Amino acid sequence: MMCNMLKKLLPGYIGLSLLCASAFCQTIPAELYKANTIPDSLKENANSVIRYADCNMIVKGPSKIKIKQHSIVTILNEKADREAILELPYNKKYDNYSSIEMRVYNEKGDLLKKYHKADMYDGSATGGENLLTDERFLGLKHTIASYPITIETSYEEDVTSAFDLGNWDIQDKEQAVQSSGYTISIDTSLGFRYLSRNNNFKPIKVTANNINTYVWKVSDLKAIKLEEGAVSWRVLPRITFAANAFEFYGTQGRFRNWADYGAWQKQLNADVCSLTPEREAEIQKMTDTIKTDKGKAKFLYNYLQQNMRYVSIQLGIGGFKPFPATFVDQKKYGDCKALSNYMSALLKAVHIPSYYAIINAGTNKEPASPTFTADPFNHVILCVPFKGDTTWLECTSTFNPFGELGSFTENRNALLVTDDGGKLVHTPRSTMQENQFNSETRISLNADGSAKAEIKIRSTGDYRFTYIEYSSLKMDEQKEYYMHTLNLKQPSAFDLVHANDKNGVKEIDMTLEYNKFCDVMAGDRQFYRPRAFDLCAFTVPIEEKRKSDYYFEHPMQKSCLTVIDLPAGFEMENLPANQKLSFAYGTYEVGYAYDAAKNQVTSTAKFNLNNQVIPADKYTELQQYLDAVAKAQNKKMVIKRKA
Amino acid sequence: MNKFYTLCLLSAFALPAFAQKQAAAPSPIQEYGKINKEDLELKACDFEKDANAEVLFDKGNVYFNSSYDIVFERHIRIKIFNDKAKEEANIRIPYFGGDRSEDISGIQAETINLNNDKIEITKVDKKLIYTKTIDKARNEIVFAFPNVQAGSVIEYKYTMIAQSIGDFPDWYFQKDLPVRYSEFNTDIPNMLHYKNLLMVTLPFVKNTSSVMALANVPSLREEPYMNSKKDNAQRILYELSAVDGSYRNFSSTWKDLGEKELAFDDFGGQFKRKLSGEDVILAKVKPLHTDEEKIALIFNEVKTAMKWNDDNERYTNDGISVAWDKKIGNSTEVNLILYHLLQKAGINVTPMLVSTRDNGKANPAYPSRYQFNKTVVYFKVDSSNYYVLDATNKYNNYKDIPQDLLNSFGFSIDKEHEKYDLIFLQRTLPSRQIVLVNAEIKPDAKVAGSVQLNTDSYNRINAIERYKKEGEKKYMDYLRDGDNNLKITDLKFDNMEVDSLPLTQNINFTLALTSADDNYIYFSPTIFSTLHTNPFLSENRYSDINFGYMHNYQISGNYKMPTGYKTNALPPNVSMSMPDKSITFRRVMAEQDGTIIVSYSISQKKTIYFKEDYDNLHAFYKKMHELLDEQIVLKKS
């Protein structure tokens with residue numbers, strides 16, 4: 001949804017670096033350092049080519065990990081400049097890097113430059129919306145003088161704190177792979193697991209001396225271009241690794257299943273999840289006249305929204321342990337963990353059970369796998385299990401209605417932290433009825449082509465969230481935003497009012513005056529776009545062979561009722577035809593009626609999209625449907641002076 | 001742009017000295033912890049109603065302690081009007097603490113609320129004020145205010161000690177939030193001399209040698225065609241110029257500065273450094289006859305050979321010999337290499353210090369190297385023409401002054417003739433874009449035809465840059481404005497590689513006119529004009545408008561009408577101009593032998609408008625876009 005919703009994210013999980021490959025012990029064919037030996041098929045759509053990569057991970061005990069990585073990447077153009085950056089995240093206590101080297105080769109494979117650990121920048125990894133974390137990084141950047149260029153990196157890492165064993169992102173978008181491999185050797189007692197996404201690569205497994213060794217080798221993978229509206233986690237190949245036991249920031253845990261993960265978090269929260277008895281008594285008093293538990297919960301959620309604010313300060317156990325409920329109670333701020341934990345403590349004070357719920361937030365982000373326990377999360381919300389009416393609370397928002405999540409966390413798996421350990425539960429998917437944009441517009445036309453338009457917009461769900469976010473802009477900026485997004489004609493006077501925002505429905509009132517609303521005037525005739533704005537102001541590009549699904553941010557239900565008063569002395573000559581359009585996941589309808597007695601046109605338009613994910617094989621249908629909607633919206637009304 | 005304007009510009013810099021009218025005294029600064037109830041009850045900023053928060057006051061005191069450290073005491077108080085501004089209560093104070101050259105102490109912070117008519121103060125717990133190590137040089141004080149509600153006032157103060165007398169704090173009266181009152185006090189020992197770069201256009205409330213204050217300073221915003229935010233911020237900067245008895249950096253004149261630059265090893269000291277293999281290039285130049293040919297060749301050699309490392313600096317880092325060997329360097333290295341080769345080829349060029357648009361306009365009344373952030377090469381063709389050469393951008397050519405240097409001053413350092421000149425860099429000719437359409441409208445409301453798109457100078461550079469960076473498909477999407485009804489069936493470029501010629505794009509297209517119905521066909525003859533959005537939609541303007549260069553558009557079209565149709569509405573011929581005639585717009589339409597002939601032209605004669613001119617510009621652009629949007633209507637006969 002909104003860019004600044006991202007503020008709620010936890011700091012990136014630090015531990016294992018992603019681009020993994022072993023050291024210089026093997027002899028690498030000299031061809032792999034030369035740019036001209038890349039097969040043409042691998043250059044297609046590619047900005048860079050992984051020539052060789054090898055990552056060797058040895059896991060001796062829970063989170064006793066040694067990694068040796070080695071990679072050679074040829075950068076073909078400036079779009080892949082980030083491949084000349086080595087960024088190694090770390091925590092002072094739990095990560096140690098050694099033998100770091102970066103070597104740079106020219107087109108012919110001649111060595112140009114060598115970098116070592118001493119050349120690296122050591123900086124804080126806190127930035128953007130995060131005010132404070134413990135995480136740091138080592139960074140190195142080679143500035144490229146000409147392309148193609150080949151970068152070889154290698155390093156060793158000792159890790160003593162980790163949750164899962166990280167991901168192998170086999171290729172980035174627009175990156176081809178000539179050859180790459182991953183080797184994991186792990187003590188048989190640790191229970192190694194892996195999950196493949198968007199690939200079928202199988203490892204070779206060897207067992208010796210109580211060590212299981214898995215070896216993956218891949219070669220000649222063509223570059224993948226992400227299509228418009230596609231999400232990368234559905235497209236790019238990746239393998240996630242995990243063991244059944246871990247050690248994280250000095251705490252031990254088992255990791256066989258989601259129940260284990262939840263139990264670990266439960267124990268982390270145990271000493272911070274209660275208010276003082278005095279405050280509990282006060283909370284009880286505040287709510288004692290409210291009869292139902294749901295009423296109490298709603299009251300307390302509003303209390304939280306009005307009094308507490310979101311601040312991203314993430315310290316303690318790698319940012320996994322919430323600040324105490326008593327801290328939030330006093331200071332009146334906290335991050336997503338602290339606020340969710342505090343909300344849970346408020347509910348506990350009035351004997352309403354609730355579950356801390358860990359989730360991967362962000363519009364259309366990848367849901368956690370029910371069958372593979374790892375740590376794909378970045379956010380925490382709260383789940384209140386009323387009987388037959390499970391309610392979800394976003395505790396970092398000051399404006400989400402009670403029980404409404406929105407596209408930031410809806411329709412995916414959340415890990416509930418319960419007394420019996422963790423339970424993976426699906427969050428509700430919002431329907432099109434929950435994301436409504438409804439408008440009533442009245443346009444009064446004058447004989448000289450000028451007009452006045454009054455637009456009332458009532459929005460719910462993600463539309464409401466968006467309009468609330470935009471309301472923090474300067475008034476001039478807001479007006480420009482509406483002119484662009486609704487395709488309003490530039491008015492000569494524009495009054496914008498944020499009216500009621502009640503019960504999850506936000507109302508915006510606009511009054512626009514036009515000295516020229518008419519598109520064309522020709523003698524006794526006037527031609528008009530018979531509306532003030534476009535209900536659906538977007539199309540998608542034509543694509544010959546769509547490969548991946550198209551993602552909207554949410555399903556939607558939009559409507560517009562427009563009443564147009566014709567100028568005195570004019571009558572209708574031509575109204576656009578009524579239309580009904582549809583495709584597999586949506587409908588568009590528009591109807592016009594002219595009332596000669598009132599000299600008034602009433603039109604109704606409806607645009608519905610009942611699914612936010614459009615399968616690839618329905619993409620062309622979507623594109624043609626949206627083009628047809630645009631065409632229908634392009635039709636004109638013609639009026640003429642009465643004889 | 002003309003001489004008169006340049007004079008105006010010069011006098012504008014002197015304006016603050018005359019503009020010291022006394023504004024009505026607002027309730028200015030209060031002691032830490034003391035507050036008027038009215039401020040807690042305040043509902044909105046008086047002079048900026050849509051602000052979500054307001055700085056009530058911001059006060060800085062600078063003085064020197066007995067060991068000549070600079071002591072900077074700061075006290076700031078902010079009003080939070082609503083939920084949307086609660087993030088203002090998260091504070092970061094960055095400083096150079098790694099080598100203790102700066103240190104921050106005495107931090108106090110508190111939230112003040114009005115609770116049932118009672119003033120309630122919540123202090124920030126000292127334990128919750130964190131010192132974060134960003135890297136080995138930088139630190140940051142970080143904290144969040146507790147108990148922040150809509151209506152809260154937050155305030156904090158601290159003392160920063162800087163060990164170097166050169167590290168004098170700059171003071172920004174203007175910020176992203178509106179500021180009700182901002183005051184800066186200085187107490188400088190007689191033996192230290194600082195030069196001020198003052199950029200204040202609002203009336204001072206106080207202005208003496210030791211205190212300056214402004215009131216009701218609006219928030220700073222980003223606007224289309226504005227100069228840098230830096231240029232627009234009300235501010236004062238300090239530069240150490242002399243210490244009695246020992247240190248002297250004071251450049252009283254441009255000549256003085258020029259001589260210092262020449263003596264500086266990382267600037268003047270580089271001019272004669274040898275470049276490996278330079279003889280090969282110089283040999284290529286030898287047979288050429290004109291300066292222009294030689295410049296073109298050397299410019300392209302350097303542009304191709306050297307990669308700019310994205311750093312703008314006013315001095316060399318590795319030096320030009322090393323940079324040349326590495327084939328990479330900062331902007332001064334790249335362009336001093338260019339200077340060196342041109343000079344060796346016998347061309348009468350000078351190095352020129354310039355300031356990019358982001359870095360802010362250079363002020364000719366202030367001889368200081370710190371205003372500049374890069375070096376280019378200056379060549380005087382004749383009394384009225386010159387080249388400004390910058391080989392750091394692959395898309396620049398030798399003839400067009402780089403866009404981000406336009407309408408600012410460059411400082412030319414001519415060692416040989418001992419001439420040190422400030423030159424206002426401007427382009428007197430417009431950049432043209434000519435669209436020639438030849439098309440036929442079919443009775444089924446489909447159009448097929450061809451377009452020739454001619455662009456020169458900046459429009460040419462921008463088109464090539466877009467094409468090369470984004471690739472053909474995205475470039476065509478841009479030309480089509482993402483319209484699925486408009487299809488480009490063929491696109492060919494002429495003269496893409498010849499800098500001195502206009503770029504020609506030959507396009508074949510088809511277009512479906514989707515608003516057509518049983519009786520009418522509508523169409524807009526402004527396709528491929530790239531004039532679809534009006535940049536001046538905003539009702540208000542807070543900064544001057546700088547177009548950089550003048551734009552000149554021409555659209556000419558011949559549309560063969562479909563059989564069985566007649567024109568029903570042909571937009572009338574129009575000619576209009578700005579009140580000062582600086583922009584004119586003309587539209588001519590005619591029908592002849594079944595063909596509609598259209599012509600639009602927009603010509604600009606001025607590149608800079610003061611914000612006071614905005615109403616005229618706003619109205620002109622609105623009207624112009626209305627006229628551009630007017631369609632031709634054909635009716636079935």
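**The largest cavity, a helix pair and a buried aspartate**

Modeller: In this predicted model, the largest share of the lining of the largest cavity comes from strand E36 of chain A, which supplies 3 residues.

Biologist: Which strands each supply at least two residues of that lining?

Modeller: Strand E33 (556–565), strand E36 (586–595) and strand E37 (600–609), which belong to chain A, each supply at least two residues of the lining of the largest cavity.

Biologist: And how many residues line the largest cavity, and which lie nearest its centre?

Modeller: The lining is made up of 13 residues, and those nearest the centre of the cavity are Arg531(A), Thr562(A), Val590(A), Ser603(A) and Ala605(A). Sorted by class, the lining residues comprise 8 nonpolar, 3 polar and 2 charged.

Biologist: How much space is in there?

Modeller: The largest cavity holds about 80 Å³ of space.

Biologist: Switching to helices, at what angle do H3(A) and H6(A) cross?

Modeller: Helix H3 of chain A, residues 277–287, and helix H6 of chain A, residues 336–349, have axes that cross at roughly 70° and come within 8 Å. Because of that angle, H3(A) is roughly perpendicular to H6(A), a term that covers angles from 65 to 115 degrees.

Biologist: Which residues make the contact?

Modeller: On the side of H3(A) they are Arg279(A), Glu280(A), Ile283(A) and Gln284(A), while H6(A) contributes Tyr342(A), Leu346(A) and Ala349(A). Taken by class, the contact between H3(A) and H6(A) has 4 nonpolar, 1 polar and 2 charged residues.

Biologist: What about Asp260(A), where is it found?

Modeller: Asp260(A) sits in helix H2 of chain A, which covers residues 258–269.

Biologist: Is Asp260(A) buried or exposed?

Modeller: Asp260(A) counts as buried because its relative accessibility is 10%, and the cut-off for buried is under 20%.

Biologist: Which residues does Asp260(A) touch, leaving out those up to four places away in sequence?

Modeller: With those left out, Asp260(A) touches Arg254(A) and Phe255(A). As for Ala245(A), which is 15 residues from Asp260(A) along the chain, the C-alpha atoms of the two are separated by 9.3 Å.

Biologist: Last topic, chain B: how many helices and strands does it have?

Modeller: Chain B has 10 helices and 34 strands, and its C-alpha trace spans about 90 × 75 × 45 Å along the principal axes.

Biologist: And what percentage of its residues count as buried?

Modeller: Chain B has 637 residues, of which 53% count as buried. Among the contacts in chain B with a separation of 6 or more, 71% are between residues 24 or more positions apart.

Note on methods
Residues are numbered from 1 along each chain as its sequence is written. Chains are lettered from A and ligands numbered from 1 in the order in which they are written. This is a predicted model: local features need pLDDT of at least 70, side-chain atom pairs count only at pLDDT 80 or more; totals for chains, interfaces and linings use all residues. Side-chain values use heavy atoms; hydrogens and water are left out. On a 1 Å grid over the protein atoms alone, a cavity is a set of points where a 1.4 Å probe fits but cannot get out, and a pocket is an open set with protein on both sides within 12 Å along at least five of seven lines; lining residues have an atom within 4 Å of a point. Grid points are joined across faces, edges and corners, and a volume is the space filled by probe spheres set on the points. Helices (H or I, at least four residues) and strands (E, at least two) are DSSP runs, numbered from the N terminus. Ala, Val, Leu, Ile, Met, Phe, Trp, Tyr, Cys and Pro count as nonpolar, Asp, Glu, Lys and Arg as charged, and the others, Gly among them, as polar. Axes are lines fitted to C-alpha atoms, for helices over the stretch in contact, and angles run from 0 to 180 degrees between N-to-C directions. Angles under 35 degrees count as roughly parallel, over 145 as roughly antiparallel, 65 to 115 as roughly perpendicular and the rest as oblique. Contact means heavy atoms within 4.5 Å. Buried means under 20% relative accessible area, exposed over 50%, partly exposed in between (1.4 Å probe, protein chains only).
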